[in-house]
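Subject: Structure for you to look at

Hello,

Please find the structure below. My notes on what was found in it follow.

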Amino acid sequence: MATFDTQVCIIGAGAAGLWAAAACAERGLQTWVLEKTKRTGTKILSSGGSRCNLTTTLGPKATAKHFGAGHNFILPALRNLTPQAARAHFEAIGVATKTEADFEKVFPVSDSALQVQKAMERHARAMGATFRVNTQVTGISAIPGGWKAEFKDGSVTCQKLLLCVGGQSYPATGTRGDGYPWLRALGLKVVHPVPALVPLSSPIGWVRELSGVSVDAIAKVGKQTRRRPVLFTHKGLSGPGPMDLSEPFARGQAKELLLDLLPDQSWEALREDLMAGAQRPGSPRLASLVKLSRRVLETVADLSELGEANPKLNQINKKQRHRLVENLKALRVPINGTLGFTKAEVTAGGLALHQVDRKTMQVHGHPGLYVFGELLDLTGPIGGFNFQAAWSTAQLAAESVAKELK
């Protein structure tokens with residue numbers, strides 16, 4: 001068995017690993033990267049529908065707010081490497097970028113995740129990082145003065161060990177939760193991982209009958225809300241709104257999603273408009289007041305027991321009007337789960353944040369061990385936020401390692 005010795009060993013050559021490899025190597029550190037699959041950046045290639053939503057145009061504080069309970073943890077990393085700085089970095093390594101609406105997403109002009117993956121690996125290699133693919137690490141352990149990572153036909157000893165093997169989302173790309181047992185073996189707390197940013201499943205027929213219909217709506221579960229597109233599918237709900245709110249359903253904490261189908265109109269204004277319309281000569285029909293697609297309006301009318309899909313407003317009685325307003329402003333969609341890790345963009349859960357120094361990414365009580373990227377219990381919404389978290393936490397870890405080894 002071969003044993004290699006290096007200053008820095010990075011386990012995982014995904015988004016966070018590729019960034020950390022370049023950042024460590026360009027600071028003059030001897031850097032080895034171990035990757036279990038046959039290529040680097042496998043998950044990058046499938047991101048954003050293969051278009052790769054690199055980051056957001058929001059500033060550090062605004063970006064941090066989208067990480068919920070993790071916002072204080074991620075803020076130092078985002079201030080150290082802002083979304084704007086990350087975008088400039090990609091431009092510098094040959095990936096021209098553009099912005100799109102909805103959280104001001106940043107994409108490659110080429111719409112090619114492959115371009116991103118190739119540029120990141122090329123840059124890391126140019127900086128001097130050494131990659132070993134098809135190398136599945138079987139365990140890690142602390143040794144005098146550093147760490148040891150073992151794999152089938154050898155091992156690597158290092159002064160600093162950087163773990164960024166990802167979570168469990170998209171297991172076909174190699175992310176199957178390998179890092180969790182290693183962390184638990186060190187006595188560290190791992191928050192139970194569940195699929196996040198994942199489509200929801202519904203057992204209700206009318207939901208699936210609307211398959212293919214997209215609406216601009218406010219989705220709500222508990223105190224969380226999102227005004228983002230909602231897509232009805234043959235299995236339930238998809239689109240940024242429902243997917244952003246999927247974690248409570250994955251954890252079995254919620255069974256129902258509410259949809260406000262008329263987000264620009266208040267409950268009271270809708271009631272008043274319905275009553276005023278009923279009093280007009282000739283009385284207009286419902287579709288003239290409620291601007292929704294025919295299929296959605298038919299469904300709402302049926303759920304409200306109006307008797308027909310597009311009645312005149314003066315034909316709707318008080319009880320029906322009450323049901324109609326309820327269904328337009330808080331449509332109840334029963335949810336019985338998610339489509340699982342195979343369809344999840346990220347993993348919620350991972351190494352509990354209180355065990356990591358947010359200014360260095362070093363694990364408390366384990367000198368020389370750094371954890372970052374999706375292996376942390378840190379999840380943002382759709383819109384480039386999770387990639388930005390990977391870039392920023394990787395950069396902070398690399399800089400911290402460099403300061404200690406210089």
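The crossing of α1 and α15 is right-handed. Please keep in mind that the model is predicted.

**The α1 and α15 pair**

Helix α1 covers residues 15–25 and helix α15 covers residues 385–405. The two pack at an angle of about 30 degrees, and their axes are 8 Å apart. On the α1 side, A15, A16, W19, A20, A23 and C24 make the contact. On the α15 side, the contact is made by F387, A390, W391, A394, Q395 and A398. By class, eleven of these residues are nonpolar and one is polar, with no charged residue.

**The cavity**

Helix α1 also appears in the lining of the largest cavity, giving four residues, the largest share. One cavity of 30 Å³ or more was found in a search of the whole structure. The largest cavity holds about 70 Å³ of space. Its lining consists of L18, W19, A22, A23, E26, H89, I93, M120, H123 and Q395. Two elements, α1 and α6 (113–127), give two or more residues each to this lining. The lining divides into six nonpolar residues, three polar and one charged. W19, A23 and Q395 are on the list for the cavity, and these residues also take part in the contact between α1 and α15.

**The sheet**

There is an open sheet of seven strands, paired antiparallel, in the order β16-β15-β12-β13-β14-β11-β17. Its edge strands, β16 (331–334) and β17 (337–338), each pair on one side only. Within the sheet, β12 (residues 214–221) and β13 pair in the antiparallel sense over eight bridges. V221 has Q224 of β13 as its bridge partner. Helix α14 (residues 318–329) packs on the sheet and touches β15 (256–260) and β16. The direction of α14 makes about 100 degrees with that of β15.

**The second largest pocket**

Strand β13 comes up again here. The second largest pocket holds about 480 Å³ of space. It is lined by 25 residues, and F67, G68, Q224, E247 and T379 are the closest to its centre. Which elements give two or more residues to the lining of this pocket? They are β13 (224–232), α10 (247–250) and β18 (346–351). The lining has ten nonpolar, nine polar and six charged residues. Q224 thus has two entries in these notes: as the bridge partner of V221, and as one of the residues closest to the centre of the second largest pocket.

Regards

Key. Residues numbered from 1 in each chain as written. Predicted model: local features only at pLDDT ≥ 70, side-chain atom pairs only at ≥ 80, totals over all residues. Heavy atoms only, no water. 1 Å grid on protein atoms, 1.4 Å probe; cavity = no way out; pocket = protein on both sides within 12 Å on 5 of 7 lines; lining within 4 Å. Points joined across faces, edges and corners; volume = space filled by probe spheres on them. Nonpolar A, V, L, I, M, F, W, Y, C, P; charged D, E, K, R; others polar. Axes fitted to C-alpha atoms, helices over the stretch in contact; angles between N-to-C directions. Left-handed = near helix turned anticlockwise from the far one by under 90°. Contact = heavy atoms within 4.5 Å. Pairing = 2+ DSSP bridges.
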